[in-house]
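Reader: I should be grateful for a close examination of one part of the model, set in the context of the chain around it. Please state each criterion as it is used.

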Amino acid sequence: MSVDDTNLLAQKQHEGPLPSPWRSNRFRLFFTARSASLLADGMLMVSLTTAVLGAGHGASGVGYALAAWMTPIVLLVLFGGVLADRFTPQLMMICADLVRMLAMITLGALLFFSDSVPLWQIMGLMALSGAATAMFQPGMASMVPRVAEDIQKANALLRISEALSTLLGPGLAGILVAYWQVSGSYLVIAAAYALSALVLLPLRKLHTERDEGDDPMWRRLATGWQEFRSRQWLWGVIAVWSVYGLFVFGPALPLGAALMIEQHGASGYGWIASADGAGTIIGGLIGMRVRPRRPLVAGALAMLCFALNPLAPALEWSFTATAVAHVVAGYGFAFWGVMWATSVQSHIPLTVLSRVSAYDVAGSIMVIPLGRALAGPAADAFGANEVLIFSSVISLVLLAAMLSIPAIRALRRAPEGIALKSGGEQPAV
């Protein structure tokens, strides 16, 4: 840590509470951009499913289109991290939003002029959108320390925005599809991406530590990997999280949804999904206030609550009990998310944060599609209820394994208002 950073740390430790992120125009712009992008993402799945089925490509076509969108994200997100550190996160996010806007406009136009759009055209445009998302996502994480002093509160506000977008996006898309053509929903999605790019434009001149070296792409990737693997708490969490995605996140959504629709009807499942979103908002609100000295320990303990998510439908709980379980599970997931994002953003140097975040994203999501693909065969072989009970139990085992790693237990909250500009870890305080 430099002398200037040490002096700033001492100064911050004697100051009062950090200013609210809302007082920063930079954060308000970033929050608006992120909310618009999340709303578009929330609308996309409903619009895509409706479009593919309406074009006569069936459920398998929906799966192919989703795979076309997801695969470029997994394959290209590491390169997105390198480019964000090289050309600044805000530039990559603006370009990504513009590409996604054009892809959605094109898809909307195809659907407007034809009732039978070929599946390969839908898949191609979704792949383009997924590639742009891979360029957008790593820079998003590294922007937070640049637009807000109170990183934890900023992450909590973003988590609340994510919950609201998840709740509102599918409903808005459903209304547009029902009372307007499906092509119209894609124009609204495109408008949301355009809004995101527009409000990010004033941030393009935000002072950003750029990687000005002439190293080739592979060496920049290697630098990010070295930063990632040099921190046991970081790769330890991602190693556990990848297994969690395979055995918990993967089966929980498709099998849980199917069982809850069977037990409580489609409308009941909708209310339960809303209860999950309400829990996420609660977790974000608590994350704004509670500042544990060991954030990963506190976050992992809260994440234990997520075991209720697959357990409730597996044990066929009543509607009320299932809804309450999802509120609690949503809280745990959101609080963990705030603690994790804040830890990464406050302990990793800004010059490599996008690359490290890319490894975080890749390790966290790459196995979830596999888990979802295997959920059906596993349910056929062992029963959906049994698979979800296994998911609930393994979630507790994995979180216990995470807490058994000394580096994770020892990581302490970084000094408030300090974001590393160069190499080195924050001191434990």
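In which loop is the place of E316?

Author: E316 has its place in the loop between α11 (308–314) and α12; helices (H or I, at least four residues) and strands (E, at least two) are DSSP runs, numbered from the N terminus. The model is a predicted one, in which local features need pLDDT of at least 70 and side-chain atom pairs count only at pLDDT 80 or more, while totals for chains, interfaces and linings use all residues. Residues are numbered from 1 along each chain as its sequence is written, and side-chain values use heavy atoms, with hydrogens and water left out.

The backbone of E316 deserves attention, as its phi is positive, about 55°, although E316 is not a glycine. Most residues other than glycine have a negative phi. With a relative accessibility of 54%, E316 counts as exposed; here buried means under 20% relative accessible area, exposed over 50%, and partly exposed in between (1.4 Å probe, protein chains only). T88 offers a second case of positive phi in a residue other than glycine, with a value near 85°. T88 is placed in the loop between α3 (58–87) and α4, and at 10% relative accessibility T88 counts as buried.

The loop of E316 leads to α12, which covers residues 319–347. W340 is found in that helix and, at 9% relative accessibility, counts as buried. Apart from residues up to four places away in sequence, W340 touches W233, L234, V237, I238, L296 and D360, where contact means heavy atoms within 4.5 Å. One of these partners, V237, is 103 residues from W340 along the chain, yet their C-alpha atoms are separated by 9.3 Å. A further pair distant in sequence is S274 and G330, 56 residues apart along the chain, with 10.0 Å between their C-alpha atoms. S274 lies in helix α9 (residues 232–289) and is partly exposed, with a relative accessible area of 29%.

V237 also takes part in the contact of α9 with α15. Helix α9 and helix α15 (residues 384–403) pack at an angle of about 155°, with their axes 9 Å apart; axes are lines fitted to C-alpha atoms, for helices over the stretch in contact, and angles run from 0 to 180 degrees between N-to-C directions. The two helices are therefore roughly antiparallel to each other, on a scale where angles under 35 degrees count as roughly parallel, over 145 as roughly antiparallel, 65 to 115 as roughly perpendicular and the rest as oblique. Their crossing is left-handed: the near helix is turned anticlockwise from the far one by less than a right angle, whereas a clockwise turn would be right-handed. On the side of α9 the contact includes V237, W241, Y244, F247 and P251, and on the side of α15 it includes N385, L388, F390, S391 and M402. By class, the residues of this contact divide into 19 nonpolar, four polar and no charged; Ala, Val, Leu, Ile, Met, Phe, Trp, Tyr, Cys and Pro count as nonpolar, Asp, Glu, Lys and Arg as charged, and the others, Gly among them, as polar.

The loop of T88 leads in turn to another helix pair. Helix α4 (residues 89–113) packs with helix α7 (residues 182–200) at an angle of about 165°, and their axes are 8 Å apart. α4 and α7 are therefore roughly antiparallel, and α4 passes α7 in a left-handed crossing. The contact of α4 with α7 has 17 nonpolar, three polar and two charged residues. S183, in helix α7, counts as buried at 6% relative accessibility. Leaving aside neighbours within four places in sequence, S183 is in contact with G108, L111 and F112.

A third pair is formed by helix α2 (residues 25–54) and helix α6 (residues 151–179), which pack at about 35° with their axes 7 Å apart. The crossing of α2 and α6 is right-handed, and by class their contact has 16 nonpolar, eight polar and two charged residues.

As for the surrounding chain, it has 16 helices and zero strands. Its radius of gyration, taken over C-alpha atoms, is 21 Å, close to the 22 Å that the globule rule (2.2 Å times the number of residues to the power 0.38) gives for 429 residues, so the chain is as compact as a globular protein of that length. Of the 429 residues, 53% count as buried. Among contacts between residues at least 6 apart in sequence, 87% join residues at least 24 apart.
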